[in-house]
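Visitor: Got a minute to walk me through this one? I'd like to hear about the open and closed spaces in it, then a bit about one of the chains.

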Amino acid sequence: MNRIAFTLTVNAMACEVVAEPRKLLSDVLREDLRLTGTHVGCEHGVCGACTVLVDGAPARACLIFAIQMQCREITTVEGLTPAEGLSPLQQALHEEHGLQCGYCTPGIITTFEAFLRENPKPTDDEIREVLSGNLCRCTGYANIVRAIRKAAQIMRKGTAA
Amino acid sequence: MSGVKPEDTARDGFDQIGKPVPRKEDARLLRGKGTYLDDIEVPGALHACFVRSPYAHARITGFDLDEAKAAPGVVAVVTGHEVNDWTNALKMAPPIEGLQPTEMTTLPVDKARFHGDPVACVVATDRYLAEDAAELVYVEYDLLDAVTSYDAALADGAPLVDETLPSNLVSHQKFEAGDIARRKAEAYRVVEAAFAMQRMTHLPIETRGCIALWDDGRAHLTMHIGSQAPHPMRSMLAGRLRLAEHQVTVASPDVGGAFGQKIIVYREEITVAALACRLKRPVRWREDRLENLSASLQARENAVKTLAAVARDGRILSLEAEITEDFGAYCFYPANYLARVIGMILTGPYRIQDYAFEVKIALTNKCGAGPMRAPMAITSLVMDGTLDAVARELDIDPAEVRRVNMVRPSDLPYVMPTGEKLEDVTPSECFERGLEEIGYAAFRDAQEADRDNGIYRGLGMCNVIESTTYGSAFYKAAGIPGSGHEAAWVKIEPSGAIRASAGLMGTGQSYETPYAQAVAEGLGVDPAQVDVVLGNTDISPYGMGARGSRGATAGGGTLFLAALDLKAKMLDIAAALLGLNSPSELELRGGQVLRHVGGAWSETGLGLGDIARTAYMDPLKLPEGMEPGLEMHRAWDPPQMTYSNSTHFCAVTLDAATGRVDIDRYLIVEDCGTVLNPLVVEGQQQGATVMGIGGVLFEHMVYDESGQNLCGTLADYMIPTACEAPEIEIVSQNTPNRRTPAGIKGMAEGGIMGAIGAVNNAVNDALRPFGVVAERQPLSPDYIRSLLRVTG
C-alpha cells in the first residue's frame with residue numbers, strides 16, 4: 001500500500017489527502033473528504049451520477065484518479081448549494097418535481113450549473129442533448145427538462161437585475 | 001374492528017389530499033445531503049468482495065484460497081463450505097399444485113448455475129484490497145453444457161439446471177372457465193397471435209449493497225440495506241441467519257431506485273451478515289455495476305401465444321393463452337408467481353367468459369428472475385395486441401374491435417372468468433376520450449395519404465387494467481403465498497409534534513409527501529407539520545412493504561385511517577375540555593378546534609397543542625375511561641384487488657429503410673381514483689411510461705449460447721436517455737373507488753403496461769402495408785429490418 005499525501009482544492013477549500021495513487025476522485029471525495037453528495041452509479045463513466053466540475057467543466061469523478069487533480073479546482077454539489085435554501089436550479093427541480101429517488105440528481109445539478117453558465121438560453125433539444133449524459137431511471141426526464149428551462153429563465157432574470 | 005371504516009371515508013372535497021405539494025424529501029436530496037447506503041460512515045468497517053463464476057454452468061471441483069488469505073489487508077476468505085454451515089438454505093416449497101419445490105444454499109459448493117453466481121467472498125480492510133485479493137481466489141471448474149433458452153431447457157435430454165428436479169419445467173399450471181371447444185365450433189374464425197418480451201433488468205441507478213453491524217453484547221444484528229419491504233426482509237434475514245426476529249433490525253436509508261429489485265434478501269447480503277456475526281466486526285458491501293447487471297434479479301423474458309375464437313363483428317367468443325417464462329437459474333420467488341398473475345388478469349377490460357390459460361416456467365442457466373415494476377407488464381400488450389390481430393384478420397377498424405368487446409359501464413361490477421372483479425373502473429370512458437383527444441379519424445386519413453408518399457405512420461392503442469393493490473384474498477385465489485395487509489401508526493407528542501409511519505419503504509416514489517398529506521387530512525392539520533418516518537423495523541409497524549402499486553392505497557390509506565381515528569380521540573378530549581357532552585359539533589382544521597354553531601364554524605380557542613398536553617400531562621382531565629397519550633395504530637387488509645385503468649395512444653413514424661422508430665405523439669387518459677398528490681402521480685405516470693418505452697425499443701439483457709452475459713456495462717444495456725424519452729400528454733379522469741380509504745386506487749405500473757402495448761401496436765400498425773407483424777421485443781432497428789427484408 002503506497003499511500004501518498006497531496007492537496008486537493010475542493011469547493012474553494014484546500015484539503016489534505018493521504019491516499020493511494022490509484023484511488024478514484026469519486027472515492028476520495030466521498031470517503032476521505034466525506035462529500036457524499038457525489039454519487040457513484042456505474043464506475044465506468046456512463047451514468048453521470050458522479051459528475052463534478054473540474055475547473056468549472058463537468059467531468060466524471062469515477063474516471064479520474066484523485067492524485068491527478070492537484071492544482072485543479074474541484075466543485076461538487078455541496079459547493080453549488082447555498083448556505084441557506086436552494087440554488088435557482090435546485091429550487092426549479094423541487095418545484096417541477098424533477099427528481100424522484102434523487103440518486104442521479106447531484107450529477108444533473110453539477111452538469112447544468114456549468115451548462116447554463118455558458119448557455120443561458122437553451123432550447124429543449126439542447127437541454128435534452130446535454131441531459132442524455134445523465135441517466136435517470138425514475139422520472140422519464142420531462143420534469144427535469146421543464147425545471148432546467150425554468151431555472152434558465154430565473155437565472156437570466158437574476159443576471160439582468 | 002373498531003375505528004373508522006374505509007368505505008366511510010370518501011368525500012367530495014378534501015383539504016390536503018389532492019394538493020400538488022412539492023416534496024419534503026427534496027430539501028436533503030437536492031443539497032447532496034441525502035443518506036444513501038454508501039453514505040453511512042461506519043468506523044472500522046471491513047469490505048466484502050464476491051468472487052463469481054465466469055461460466056454459466058460448471059461443476060465446482062475445488063477452491064484454493066491460500067494466496068488470497070495471505071494478501072494485504074485480508075481478514076477472511078470464505079466459500080459456501082463455511083457460510084452454508086452458518087446459515088439456513090432458502091426453501092421455496094409453497095403448497096402449490098404444479099410447482100416443484102426448490103432449495104438454494106447461501107453459496108453454491110457443488111456447481112455454479114449462471115455467469116455471475118457468487119462462489120466465494122473476500123473480506124478486507126479496504127474495498128480496493130478486497131478486490132485485489134478476490135483476483136487471487138482460484139476456483140476449479142468442470143464445464144457443463146448450459147441451457148440458455150426456454151425451448152432448450154425443455155428439450156429432451158437437456159442438462160438439468162437444478163439436479164434435484166425431474167426436469168427444467170419448474171412450474172406448470174392450467175386454468176379453464178366456460179366451454180372453449182363449443183365457442184370455437186361456433187366461431188367465424190380462430191385468430192392466432194404471439195407476443196414475447198425479452199430479458200430485462202431493473203437498473204436502479206444506485207446498485208445494491210448493505211452494512212451489517214453485529215452487537216456482540218446484545219446479540220443483535222443491525223442491517224443497513226436499501227429495502228422496499230424492511231419487515232419481510234427482517235423476517236427472511238432472521239430465518240436464514242438462525243436469529244429471532246427481535247435480534248435483527250433492518251434499517252433502510254434513502255434508496256436510489258429499486259423497481260422490484262430490492263424486496264428479497266439475496267445470498268450476498270446473507271453472507272455479509274453472517275460474516276459480521278462471525279467476525280464480530282462491521283462488514284459492508286457495495287455491489288458494482290457489472291455485478292448488478294449480471295447477478296442482481298432480472299425480469300420479464302416471457303412469451304404468450306393466444307387463440308381467439310371470434311364472431312364476424314370481431315367479438316371474442318373464447319380466448320386461450322399459453323404463457324411461458326424463462327425464470328433463470330434459481331427460484332428467489334415461487335416460479336409461478338409472475339406468470340400466474342398474467343393469466344389471472346389477462347382479459348383486462350374486455351367481456352370474455354370462456355377463457356383458458358396454461359403457464360409453463362423453465363429454469364435456465366441465466367441469472368434468476370423476479371418481479372420488476374409491472375411484473376404482469378405483458379398482459380395489456382397480449383390482450384390489445386390480440387384484438388389488433390383480430391382487426392387485421394377480419395379487416396375491421398381496431399378501435400371498433402375494442403369497442404365491441406369492452407366492458408360497458410352497465411356491465412359493472414364485472415366478474416372476470418378467473419373470478420377477479422372489476423368495479424369502479426372506467427375503461428370505455430377513458431378509451432372514448434382518448435380517441436377524441438388523439439383525433440383518431442383524422443389520423444387515419446393522414447396515415448393513408450402518407451403511405452402513398454412512402455411515409456409509414458402507425459397508431460397504437462392499449463387499454464390497461466392495472467392491478468395496483470393486492471389484498472390477501474387475491475394471493476389466496478391465485479395460489480401465491482403472501483399477505484396483502486399494511487400497517488401504520490400516527491403519534492402526536494406532548495408538544496403537539498406529529499409523527500407517522502407505515503411498513504412500506506420508498507425507493508424514489510415520494511412517499512414522505514403524500515403520506516404527510518393523508519395524515520394531515522385525517523387529523524385536520526397542515527402536511528408540513530407531519531414528519532413521516534419509514535424504513536426502520538424498530539420504528540415502523542410490520543407491513544408488507546412497497547410492491548405492486550400499493551403505496552397510495554395500502555400505505556396512504558392505512559395512514560389516513562389511523563389519522564382519522566386519532567382525530568376522533570382528540571375531538572373527544574376537546575369536547576371534555578369544552579364541557580360538551582359530545583364532539584359532534586367539533587372539527588379540527590389547521591390544528592385548531594372549531595365548533596359548528598349557528599350554521600358557521602367558529603374558533604374555540606383550543607388547539608392541537610392543548611389537546612396533546614392534556615392527553616400526556618394532565619390525564620385527569622380526559623373523558624372517563626380514556627387512556628392517556630395520543631398514539632393510534634391501524635392495520636388494513638385491502639379488498640381482493642384494487643384496479644386503476646388507463647388508455648395509452650402512441651403515434652410513431654417508421655423508417656422502412658433503417659427500421660428506426662420515432663415516437664411522434666404519446667397520450668394517456670387515466671383513472672387512478674382519488675389522488676393524494678397530483679405532482680407525484682404525474683411523475684410516476686411519466687417515469688413508468690418511459691421505462692415501458694425503454695423495454696419496447698431498447699433494453700435487452702443478452703446472453704450468448706454458452707450462457708455468457710453480454711451486457712456487463714451501461715453501454716451494453718441501454719435504457720432511455722433524455723433524447724429518446726418523448727413528451728407525454730396526460731388526461732386525468734379520476735373516479736373514486738368505493739371500498740378503499742378516501743377512494744384511492746393507486747398507480748405506478750400501468751404506464752409500463754400501456755407503453756409496452758401502445759408502442760408495439762403502433763409499430764405493427766405502421767408495418768401493416770408490408771404484411772408483417774412484430775411478435776417479439778425489443779423492436780430494434782435490426783429486428784424491424786429483419787421483418788422487412790422478408791417482404792423484399
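Guide: Sure, we'll take the pocket, then the cavities, then chain A; keep in mind that this is a predicted model.

Visitor: What volume does the largest pocket have?

Guide: About 750 Å³ of space lies in there.

Visitor: And which residues sit nearest its centre?

Guide: B:Y150, B:A196, B:M197, B:E301 and B:A303, out of a lining of 31 residues. As for elements, α5 (150–154), β10 (189–196), β17 (302–310) and β18 (316–326) of chain B each give two or more residues to that lining.

Visitor: How does the pocket lining divide into nonpolar, polar and charged?

Guide: You get 12 nonpolar, 7 polar and 12 charged residues.

Visitor: OK, closed spaces now. How many cavities of 30 Å³ or more are there?

Guide: The count is 8. The largest cavity has a volume of about 700 Å³.

Visitor: What lines that one?

Guide: A set of 45 residues, with B:Y511, B:G548, B:S549, B:R550 and B:A748 nearest the centre. Several chain B elements give two or more residues to the lining, including α10 (337–345), β22 (456–470) and α17 (551–577). By type, the lining of this largest cavity has 26 nonpolar, 14 polar and 5 charged residues.

Visitor: What about the second largest cavity, what's its volume?

Guide: About 160 Å³. It is lined by 19 residues, and the closest to its centre are A:V40, A:Y103, B:T207, B:R286 and B:E287.

Visitor: And how does that lining split by residue type?

Guide: For the second largest cavity it's 4 nonpolar, 4 polar and 11 charged.

Visitor: Switching topic: what's the secondary structure of chain A?

Guide: Chain A has 5 helices and 5 strands. Along the sequence they run β-β-α-β-β-β-α-α-α-α.

Visitor: How does the radius of gyration of chain A sit with a compact globule?

Guide: It agrees, because a compact globule with 161 residues would come in near 15 Å and chain A has 16 Å. Along the principal axes, the C-alpha atoms of chain A fill a box of roughly 50 × 35 × 25 Å.

Visitor: What share of chain A counts as buried?

Guide: Of its 161 residues, 58% do. The accessible surface of chain A is about 6,400 Å², with 52% of that belonging to carbon and sulfur atoms.

Visitor: Last one: what share of the chain A contacts join residues at least 24 apart?

Guide: That's 52%, taken among contacts between residues at least 6 apart in sequence.

Methods
Residues numbered from 1 in each chain as written. Chains lettered and ligands numbered in written order. Predicted model: local features only at pLDDT ≥ 70, side-chain atom pairs only at ≥ 80, totals over all residues. Heavy atoms only, no water. 1 Å grid on protein atoms, 1.4 Å probe; cavity = no way out; pocket = protein on both sides within 12 Å on 5 of 7 lines; lining within 4 Å. Points joined across faces, edges and corners; volume = space filled by probe spheres on them. Helix = DSSP H or I, 4+ residues; strand = E, 2+ residues; numbered from the N terminus. Nonpolar A, V, L, I, M, F, W, Y, C, P; charged D, E, K, R; others polar. Rg over C-alpha atoms; globule rule 2.2 N^0.38 Å. Buried < 20%, exposed > 50% of the residue type's maximum accessible area, 1.4 Å probe, protein only. Contact = heavy atoms within 4.5 Å. Areas by Shrake-Rupley, 256 points an atom, 1.4 Å probe, with all protein chains shown as cover.
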